[in-house]
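Work through the exercises below with the sequence and the model open, and attempt each task before reading its solution.

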Amino acid sequence: MGLKEDFEEHAVEVKKLTTLPSNEDLLILYGLYKQATVGPVDTSRPGMFSMKERAKWDAWKAVEAKSTEDAMGDYITKVKQLMEASAST
């Protein structure tokens, strides 16, 4: 299975977690997913009254130096960690 297929499979699997990941983990996943699927940030930073959107933008901006392949690999690793943690609870 190729990296892209593995990435897409894990993007589906993460939605099946029985415990909701922490906000921090959700932001990490969001940033890596956006970097893997869109590339570097292509929008301006949301205003200070849009806290949720601003946090998501910051999470994406934090990983914008990663290549698509690295972002996919890191995303897959993070999903696997969350699945293991969810299974052990």
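**Exercise 1.** Compare the expected span of α4 with the distance between its end C-alpha atoms, then find which residues of α4 are buried.

Solution. The expected span is 1.5 Å times one less than the number of residues, so the 20 residues of α4 should cover 28 Å, in agreement with the 28 Å between its end C-alpha atoms. Helices here are DSSP runs of H or I with at least four residues, numbered from the N terminus. This is a predicted model, in which local features need pLDDT of at least 70, side-chain atom pairs count only at pLDDT 80 or more, and totals for chains, interfaces and linings use all residues. Residues are numbered from 1 along each chain as its sequence is written, and side-chain values use heavy atoms, leaving out hydrogens and water.

Taking buried as under 20% relative accessible area and exposed as over 50%, with partly exposed in between (1.4 Å probe, protein chains only), the buried residues of α4 are A71, M72, Y75, I76, K78, V79, L82 and S86. Seen down the helix axis, they fall within an arc of 165° (from the directions of the C-beta atoms), so they line one face of α4. The face turned away from this buried side carries the exposed residues E84 and A87.

**Exercise 2.** Is S86 buried or exposed, and which residues beyond its sequence neighbours does S86 contact?

Solution. S86, in helix α4 (residues 68–87), counts as buried because its relative accessibility is 9%. Leaving aside neighbours within four places in sequence, S86 is in contact (heavy atoms within 4.5 Å) with L17, T18 and T19.

How values were computed:
Helix = DSSP H or I, 4+ residues; strand = E, 2+ residues; numbered from the N terminus.
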